[in-house]
Amino acid sequence: MENGAQQTPVTATPTPKVGVAVFLLKGSKVLLGKRLSAIGHSTFALPGGHLEFGESFEDCATREVKEETGLDIDKTEYLTVTNNVISEKVHVVCIFMRAVPADPSQNPQTLEPEKCDGWDWYEWNNLPKPLFGPLEDMVQSGYNPFPTTAS
Ligand SMILES: Nc1ncnc2c1ncn2[C@H]1C[C@H](O)[C@@H](COP(=O)(O)OP(=O)(O)OP(=O)(O)O)O1
Ligand SMILES: [Mg+2]
């Protein structure tokens with residue numbers, strides 16, 4: 001959000017927000033970046049952000065990945081939702097989506113350097129540490145974002 005129009009006044013009662021995070025998958029790799037935002041500082045997280053008023057989950061995923069990495073995505077689909085009480089003041093219901101890069105040769109760019117240290121592809125079986133709390137919880141629970149291959 002650029003203009004801050006939807007920001008909650010500091011005096012208001014905290015309310016849950018809706019976040020959308022995207023498992024951008026390339027082969028057996030996933031795109032992660034080290035967060036520089038206050039929430040989850042120095043942890044590795046998926047691209048994503050807050051759902052804007054009137055937006056679909058798919059459009060939010062497409063917009064946030066483009067804003068943060070410059071990448072265009074394809075085959076965007078809903079995966080799951082988690083409820084994250086991150087601190088006394090931060091409660092985010094996070095919608096997890098899955099997508100693939102529209103052009104696998106396109107490299108991610110660090111378009112919001114104040115929010116992310118840089119993007120890279122990581123093997124799902126060799127993820128960097130520490131992961132962003134909500135993502136770590138999913139990994140610990142055995143969650144796998146990759147499509148199951150037909151046997
Ligand atoms: N990888 C993730 N796992 C779980 N929750 C996530 C993940 N990424 C984001 N979220 C949730 C928690 C975040 O507080 C919330 C918003 O994402 P965040 O990256 O902090 O916003 P943003 O600054 O990129 O977007 P905006 O400009 O829309 O506020 O979504
Ligand atoms: Mg973000």
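Student: Which residues have the most contacts inside the largest nonpolar core?
Tutor: In this predicted model, the largest nonpolar core has 16 residues. The elements β1 (17–26), β2 (29–35), β6 (91–101) and α2 (133–140) each supply at least two residues of this core. Within the core, the residues with the most contacts are F23, V30, L32, L46 and F96.

Student: Which element gives the largest share of this core?
Tutor: Several elements supply at least two residues each, including β2 and β6. The largest share amounts to three residues, and the element that gives it is β1.

Student: How many residues are in the other core, the one that lies apart from it?
Tutor: Among the members of this other core are V20, L71, M97 and C116. The core lies apart from the 16-residue one, and its own count is 15 residues.

Student: Is T69 buried or exposed?
Tutor: T69 has its place in helix α1, which covers residues 57–69. Leaving aside neighbours within four places in sequence, T69 is in contact with L31, P47, N107, P108, Q109, L111 and W119. Because buried means under 20% relative accessible area and the relative accessibility of T69 is 0%, T69 counts as buried.

Student: Which backbone nitrogen does the side chain of T69 reach, and at what distance?
Tutor: The side chain of T69 reaches the backbone oxygen of V65 at 2.6 Å. The backbone nitrogen that the side chain of T69 reaches belongs to L71, at 3.0 Å.

Student: Which residues coordinate the magnesium ion (ligand 2)?
Tutor: One donor comes from strand β4 (residues 48–50) and the other from helix α1, so the pair ties together parts that are 20 residues apart in sequence. Both residues are buried. At 2.2 Å, the ion is coordinated by G48 (O) and E68 (OE).

Student: Which residue forms a salt bridge with E77, and how far apart are the closest N and O atoms?
Tutor: E77 lies in strand β5 (residues 73–85) and its partner in strand β6, and the pair links distant parts of the chain, 21 residues apart. At 35% relative accessibility, E77 counts as partly exposed, whereas the partner is buried, with a relative accessible area of 14%. The closest N and O atoms are 3.0 Å apart, and the partner is R98.

Student: Which residues are linked in a network of salt bridges?
Tutor: Within the network, the side chains of R63 and E64 meet in a salt bridge at 3.1 Å, N to O. R63 counts as buried at 17% relative accessibility, and E64 is buried with a relative accessible area of 5%. The linked residues are E52, E55, R63, E64 and E67.

Technical notes:
Residues are numbered from 1 along each chain as its sequence is written. Chains are lettered from A and ligands numbered from 1 in the order in which they are written. This is a predicted model: local features need pLDDT of at least 70, side-chain atom pairs count only at pLDDT 80 or more; totals for chains, interfaces and linings use all residues. Side-chain values use heavy atoms; hydrogens and water are left out. Helices (H or I, at least four residues) and strands (E, at least two) are DSSP runs, numbered from the N terminus. Buried means under 20% relative accessible area, exposed over 50%, partly exposed in between (1.4 Å probe, protein chains only). A polar contact is a pair of N or O atoms within 3.5 Å; within protein, one must be able to donate a hydrogen and the other to accept it, and residues adjacent in sequence count only if both atoms are side-chain atoms. Contact means heavy atoms within 4.5 Å. A nonpolar core is a set of buried Ala, Val, Leu, Ile, Met, Phe, Trp, Tyr and Cys residues joined through side-chain atoms within 4.5 Å. Donors are N, O and S atoms within 2.8 Å of the metal (3.2 Å for Na, K and Ca); water is not among the atoms, so sites may look incomplete. A salt bridge is a side-chain nitrogen of Lys or Arg within 4 Å of a carboxyl oxygen of Asp or Glu.
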